[in-house]
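Please work through the exercises below with the sequence and the coordinates open beside you. Each task is followed by a solution that proceeds step by step.

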Amino acid sequence: MIDGSPVRARRALLYMPGDDLRKIRKATTLNVDCVCLDMEDGVAANRKQEARVTVAAALQELDFGRSERLVRINPIGSGLEEQDLAAALDAGVRPDGIVIPKVQTADAIRWASAQISAAERANGWPEGSIGLMVLVETALGVVNLARIASAGARLRALIFGSEDLAGDIGAVRTREAWEVFYARSAVVTHAAAFGLQAIDMVYIDFKDVAGLAQEAAQGAQLGFAGKQIIH
């Protein structure tokens, strides 16, 4: 419970490339807890506008059933975030949440929340009905976790991005993941301290089902509420 309200189950957060309507349509049939229409890593640099158009169309046309409808925009400061957010919020159909990658400061969350609040008022949607989830995947983001986790009531979850973090700190990524364990633990600890859900890292080797099961079980033991998955 958060503020007396039931917390939505987010056991699996599935990313689908925002420029591929066929794959997004497939995702709506999978009965997954969260479907995230991705405009960031899942979309080539020269197809960002195509992704915006496709994401808006998916929100308007597709029935996601019980799945939470999320949209991942490009990072705040990338120069792409305003158009991405506008595409997600101007479709005429309210998304359930916005995912912001590579969050390093609380200012990014406050900026996005202000934009979302304006869209809620303009569309007659309930204030605070669109949630925010943020990816912590840089060294500065880990250092600023307390400020990030307390940046506003719209925040629903902290998501741990292990691959980008490893690159940011110059670590060599291994299956055991000890090189990112400190940050992984810090994300789930700060989420618990501030009444948020924590979503664990992606398991990259999609052919290794046993390894996935082991890492998912470890994440649950650490206190994560769910796990990111990719198409």
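The exercises that follow concern a predicted model, and they move from the strands to the cores and then to the helices.

**Exercise 1.** Determine in which order the strands close into a barrel, and in which sense they pair.

*Solution.* Begin with the whole sheet: 8 strands close into a barrel in the order 1-2-3-4-5-6-7-8, and their pairing is parallel. Next, consider how neighbouring strands of this sheet are oriented, which gives an average turn of 25° against each other when direction is ignored.

**Exercise 2.** Trace the pairing from strand 4 to strand 5, then on to strand 6 and strand 7, and give residues that stand opposite each other.

*Solution.* Start with strand 4 (residues 97-100), which pairs with strand 5 (residues 131-136) in the parallel sense over 4 bridges; here Ile100 is found opposite Val134 of strand 5. Moving on, strand 5 is joined to strand 6 by 5 bridges, again in parallel, and Leu135 has Ile159 of strand 6 as its bridge partner. Finally, 3 bridges connect strand 6 with strand 7 (residues 197-200), the two running parallel, and Ile159 stands opposite Ile199 in strand 7. As for the surroundings of strand 6 (residues 155-160), 5 of its 6 residues are buried, so strand 6 is largely enclosed by the rest of the structure.

**Exercise 3.** Which residues touch the most other members of the largest nonpolar core?

*Solution.* The largest nonpolar core holds 58 residues, and within this core Ile98 and Leu158 touch the most other members. Taking Leu158 and leaving aside residues up to four places away in sequence, one finds contacts that include Val134, Leu145, Ile148, Val187, His190, Leu196 and Ile199. Apart from the largest core lies another, of 11 residues, among them Leu13, Leu70, Leu135 and Ala157.

**Exercise 4.** Which residues of helix 3 are buried, and against which elements do they pack?

*Solution.* In helix 3 (residues 81-89), the buried residues are Glu81, Asp84, Leu85, Ala87, Ala88 and Leu89. These buried residues pack against helix 2 (48-61), strand 3 (68-72), strand 4 and helix 4 (106-123).

**Exercise 5.** Describe how helix 8 packs with helix 9, giving the angle and the residues that meet.

*Solution.* First take the geometry: helix 8 (residues 181-193) and helix 9 (residues 209-222) pack at an angle of about 50°, and their axes are 10 Å apart. Helix 8 is therefore oblique to helix 9. Then list the contact, in which Phe181, Arg184 and Val188 of helix 8 meet Glu215, Gln218, Gly219 and Leu222 of helix 9. Sorted by class, this contact has 3 nonpolar, 2 polar and 2 charged residues.

Conventions: Residues numbered from 1 in each chain as written. Predicted model: local features only at pLDDT ≥ 70, side-chain atom pairs only at ≥ 80, totals over all residues. Heavy atoms only, no water. Axes fitted to C-alpha atoms, helices over the stretch in contact; angles between N-to-C directions. Parallel < 35°, antiparallel > 145°, perpendicular 65-115°, else oblique. Contact = heavy atoms within 4.5 Å. Nonpolar A, V, L, I, M, F, W, Y, C, P; charged D, E, K, R; others polar. Pairing = 2+ DSSP bridges. Buried < 20%, exposed > 50% of the residue type's maximum accessible area, 1.4 Å probe, protein only. Core = buried A, V, L, I, M, F, W, Y, C linked by side-chain atoms within 4.5 Å.
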